[in-house]
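User: Hi! I'm new to reading protein models, and I'd like to go through one step by step. Could you help me?

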Amino acid sequence: MKAFGVQVAGTGSYAPARILSNADLERMVETSDEWITTRTGIRERHIAAPDEATSDMATQAGRRALEAAGMTAADLDLIIVPTLTPDHPFPNTACYVQKKLGVPRIPCFGMEAACSGFLYALEIGASLVRTGAHRNVLIAAAEKLSAFTDYSDRNTCVLFGDGAGAVVLRPVPAGEDRFMASAIGAEGAHTDLLHIPAGGSAQPITHERLDQGLHFIKMEGREVFKLAVPAMVDAATAVLTEAGISSEQVRWLIPHQANTRIIDAVGKRLGLGEDRVYVNIARYGNTSAASIPLALDEVVRKGLVQRGEYVLMVAFGGGLTWGATLIRW
Ligand code: ACO
């Protein structure tokens, strides 16, 4: 049912002050700036303060998105926080964001689809606005990946950073819908390629598991790499086809920022040149669910997208999960 169209009313982002550079990492593990930049494109990443939680970053990004939308927190009637690094196993992180924004009684939920979390939340949020079930929806994706990263494991510690990105969705008349098409998917056969083994019900925290570092992110990088490109290309192609839009009409591809080699391959296969693929991984690393809304906010605030232009977002992450969303700005 399509009672309303959906529009991104405002965007916001937040990155913690502390920066961890490749030179810093060279002093921590056996790695080099040259290895990290050529294999990943990452030069530095932001790291949250010890007392800064995922909800703090989501709240900051959320406030900026509300301001950009010309709204206050009182205008919201739903908060979704996609994250794989929640403040606590429960209650959900969106409840903390609600408390920090000071808006009582509206529904709040957190959700986990790893790096695809923002696009999962976007599909859900847009669907709820479209039916009229909710009006103004804040999606505030945030990650404190540094809290789950083993800084003695060079395979993973060079990749991840902390940050947040948010959008506020609002209803518009059905004929002015800005959400053109969306596709999300998952393949649970690959759960072990990218995961945090311990800390959940399957492997509750024990001293032994802590000693083995099972509470940290584990990744089969090469396998993930191989699956990422086709999954992202297929999802992007599916939404373009559904919307009847060719890739030449896309002003910006905003991909999940995991690795420049993955991003380049996806851009190339979709026929999009560098001038139409937004990349900010050098400054943030992989911020999982936060990476797409953080990049979107940069594109918007730099004035790089004009009303009516098409923005294609595409993600891939643990699960394995993937997603693509096409919007008209
Ligand atoms: N510094 C120096 N050497 C390193 C480092 C490092 N930081 N990390 C690994 N190496 C070494 C390896 O030990 C290996 O050495 P060996 O040949 O002696 O065994 C060599 O470099 C090559 O390792 P590979 O893993 O094959 O390197 P690859 O080219 O595949 O790059 C990378 C690794 C960057 C992790 C890549 O595989 C990748 O980006 N994969 C995808 C990750 C991803 O997209 N994740 C997205 C989802 S994240 C989420 O959902 C939270």
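User: With which residue does Arg-27 form a salt bridge?

Analyst: Happy to help! This is a predicted model, so local features need pLDDT of at least 70 and side-chain atom pairs count only at pLDDT 80 or more, while totals for chains, interfaces and linings use all residues. Residues are numbered from 1 along each chain as its sequence is written, and side-chain values use heavy atoms, with hydrogens and water left out. A salt bridge is a side-chain nitrogen of Lys or Arg within 4 Å of a carboxyl oxygen of Asp or Glu. For Arg-27, the closest N and O atoms are 2.7 Å apart, and the partner is Asp-24.

User: Is Arg-27 buried or exposed?

Analyst: Buried means under 20% relative accessible area, exposed over 50%, and partly exposed in between (1.4 Å probe, protein chains only). Its partner Asp-24, at 21%, counts as partly exposed. Arg-27 has 64% relative accessibility, so Arg-27 counts as exposed.

User: How many salt bridges does a search of the whole structure find?

Analyst: Side chains of opposite charge can pair when their charged atoms come close. A search of the whole structure counts such salt bridges, and the total is 6.

User: Which helices does the salt bridge of Arg-283 and Glu-298 tie together?

Analyst: These two side chains meet at 3.1 Å, N to O. Helices (H or I, at least four residues) and strands (E, at least two) are DSSP runs, numbered from the N terminus. Arg-283 lies in residues 281-284 and Glu-298 in residues 291-301, so the pair ties together parts 15 residues apart in sequence: helices α10 and α11.

User: Which residue forms a salt bridge with Asp-297?

Analyst: Asp-297 is buried, with a relative accessible area of 3%. Asp-297 and its partner both lie in helix α11, 4 residues apart, about one turn of the helix. The closest N and O atoms are 2.7 Å apart, and the partner is Arg-301.

User: How many residues of α11 are buried?

Analyst: Among the buried ones are Ile-292, Leu-294 and Leu-296. Glu-298 also counts as buried, at 9% relative accessibility. The helix is mostly covered, and the count of buried residues is 9 of 11.

User: Where does the second largest pocket lie?

Analyst: A pocket is found on a 1 Å grid over the protein atoms alone: it is an open set of points where a 1.4 Å probe fits, with protein on both sides within 12 Å along at least five of seven lines, and lining residues have an atom within 4 Å of a point. This one is lined by 13 residues, including Arg-130 and Phe-179. The domain bounds come from an automatic or database domain assignment. Both domains give residues to the lining, so the pocket lies between domain 1 (5-176) and domain 2 (179-328).

User: Which element gives the largest share of the lining of the second largest pocket?

Analyst: Two elements give two or more residues to this lining, α5 (117-131) and β8 (179-186). The largest share is 5 residues, and it comes from α5.

User: Is Val-229 buried or exposed?

Analyst: Val-229 is found in helix α8 (residues 221-243). Leaving aside neighbours within four places in sequence, Val-229 is in contact (heavy atoms within 4.5 Å) with Ile-262, Ala-265, Val-266 and Arg-269. At 5% relative accessibility, Val-229 counts as buried.
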